[in-house]
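Colleague: Please put the model up, and we can then go through its strands, cores and side-chain pairs.

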Amino acid sequence: MAVSTRFILLSLVAFICAATAADVEVDVPSEKTATVGSDVTLDCSYTLGTGVEMASFVWTYDSDTIFRYVASTDSSTIADDYTDRLAAVDTGSSATLRLSSPEKTDRGDYTCSVITTTYMTDQGMMTLHVAEEAAINGNITTSYTQSLNETESLWLYCDASGDPEPSITWYEDNEVSDLGVRDGFNLTFYSVNWMQHGSWFCEADNGIGSGASSNPIQINVYHSPTNRMSVAVTRVEIGDTAVLQCDMTAYPEIEYFSWYLGNVNVVTLGRSLSISGSTSDGISTLTLPDVQEADLATYTCMGRNERGYGSVNIELAEDIPPIDGGATLLPVTLLTALVMSIRALM
């Protein structure tokens, strides 16, 4: 008798399991990612056996019922916290819900259960991740100015948020900067110089949305005029006009420029020339018309502000035109020196 009873029970369990599988099968994605503030669907589809109908479906969040639909009355019951945020998408063909304006607190496990008119049920669970677009917070959302002396320390903080955590890029005068020491959202200069003088801002991006940029921070570094040129040689053909330009940075701005040939101010040389430029831009230009060999020399551009003086040496050299075939015509003195050197090696 015991064997027969056990056999009957096992057969009944097998029958119920088979009936369950045949009556209803629920399909729910295991994971889904939403963005804060953007509506998301909680997908739940089901397949019913022949002649079987859906009686109801239930959604739970961390084991608490948040939505129940009953087909016989075509009615829904929604938990108080979700009254204005949950709605069924199409009760006729699925158990999918729409969650409006999800927040980070909506993260977690959601379970969809479908019950049939034959009292069979199946369920599926999904984990909802709620991502947050990168944003800029705090006082960096407003522009401000910070002034300091050379060699002082400077600490900049990009007050950003987002999930996943955003990466931070710093810009100086709208160009990506790799200066300073980076540590997460921090940018540190332990001894500033003129290269940090400018307009700085940070950009936060975590791959969601278009990212966010802070308002600019104007960093003023007090310093005397300093050369920011990469080329200090100007070439000109004899008889042509030479244009020598110096480019300097300073804060406060340069008050005036002077040009010298040796220790002599060029305005006292008694030759035709002109000086132009902009002290606010840190640029001064010396123009020498009808250049002769006597003009080929090193000129000094000097700028002054309240922090002191700075100078740039610019060499004015002859531009030797090429001869036929692309070779360069060397001055006689240089050609002679080369010939003598070759003879000495023979």
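Colleague: Which residue in E18 does valine 181 stand opposite?
Modeller: E17 and E18 run antiparallel and are joined by three bridges. That meets the rule for pairing, which asks that DSSP find at least two bridges between two strands; the elements themselves are DSSP runs numbered from the N terminus, helices (H or I) of at least four residues and strands (E) of at least two. Opposite valine 181 in E18 stands threonine 188.

Colleague: Since this is a predicted model, what pLDDT do its local features need?
Modeller: Residues are numbered from 1 along each chain as its sequence is written, and side-chain values use heavy atoms, with hydrogens and water left out. The model is predicted: totals for chains, interfaces and linings use all residues, side-chain atom pairs count only at pLDDT 80 or more, and local features need a pLDDT of at least 70.

Colleague: Which are the edge strands of the open sheet of three strands?
Modeller: The order in this open sheet is E13-E18-E17, and the pairing is antiparallel. An edge strand pairs on one side only, which is the case for E13 and E17.

Colleague: What is the average twist from one strand to the next in that sheet?
Modeller: The sheet in question has the order E13-E18-E17. Axes are lines fitted to C-alpha atoms (for helices, over the stretch in contact), and angles run from 0 to 180 degrees between N-to-C directions. From one strand to the next, the twist averages 20 degrees.

Colleague: How many aromatic pairs does a search of the whole structure find, and how is the pair of tyrosine 157 and phenylalanine 185 classed?
Modeller: The search finds eight aromatic pairs, where a pair means rings of Phe, Tyr or Trp (its six-membered ring) with centres within 6.5 Å, stacked if the planes are under 30 degrees apart, edge-to-face if over 60 and tilted otherwise. The ring centres of tyrosine 157 and phenylalanine 185 are 6.4 Å apart and their planes stand at 45 degrees, so this pair is tilted.

Colleague: How many residues apart in sequence are the parts that tyrosine 157 and phenylalanine 185 tie together?
Modeller: Tyrosine 157 belongs to strand E13 (residues 154-157), whereas phenylalanine 185 sits in the loop between strand E17 (181-183) and strand E18 (186-189). The parts that they tie together are therefore separated in sequence by 28 residues.

Colleague: Is phenylalanine 185 buried or exposed?
Modeller: Buried means under 20% relative accessible area, exposed over 50%, and partly exposed in between, with a 1.4 Å probe and protein chains only. Its partner tyrosine 157, at 35%, is partly exposed. Phenylalanine 185 has a relative accessibility of 14%, so this residue counts as buried.

Colleague: Which residue forms a salt bridge with arginine 107?
Modeller: A salt bridge is a side-chain nitrogen of Lys or Arg within 4 Å of a carboxyl oxygen of Asp or Glu, and the structure holds seven of them. In this one the closest N and O atoms are 2.1 Å apart, and the partner of arginine 107 is aspartate 163.

Colleague: How many residues apart in sequence are the parts tied together by arginine 107 and aspartate 163?
Modeller: Both residues are partly exposed, arginine 107 at 32% and aspartate 163 at 27%. Arginine 107 lies in the loop between E9 and E10, while aspartate 163 lies in strand E14 (residues 160-163), so the separation is 56 residues.

Colleague: Which residue in the turn of the hairpin formed by E6 and E7 has a positive phi?
Modeller: Strand E6 (residues 64-70) and strand E7 (residues 75-78) run antiparallel and are joined by four bridges, with valine 70 opposite serine 75 in E7. Four residues lie between the two strands, and the one with a positive phi, about 50 degrees, is aspartate 74.

Colleague: Which strand supplies the largest share of the largest nonpolar core?
Modeller: A nonpolar core is a set of buried Ala, Val, Leu, Ile, Met, Phe, Trp, Tyr and Cys residues joined through side-chain atoms within 4.5 Å. The largest has 27 residues, of which Phe57, Trp59, Tyr110 and Val114 touch the most other members. Strands E1 (24-27), E3 (40-42), E5 (54-61), E6, E9, E10 and E11 each supply at least two residues. The largest share, four residues, comes from E5.

Colleague: Which residues form one aromatic cluster with Phe57?
Modeller: Contact means heavy atoms within 4.5 Å. Leaving aside neighbours within four places in sequence, phenylalanine 57 is in contact with residues including Arg68, Ala88, Leu97 and Val114. Its partners in the aromatic cluster are Phe67 and Tyr69.
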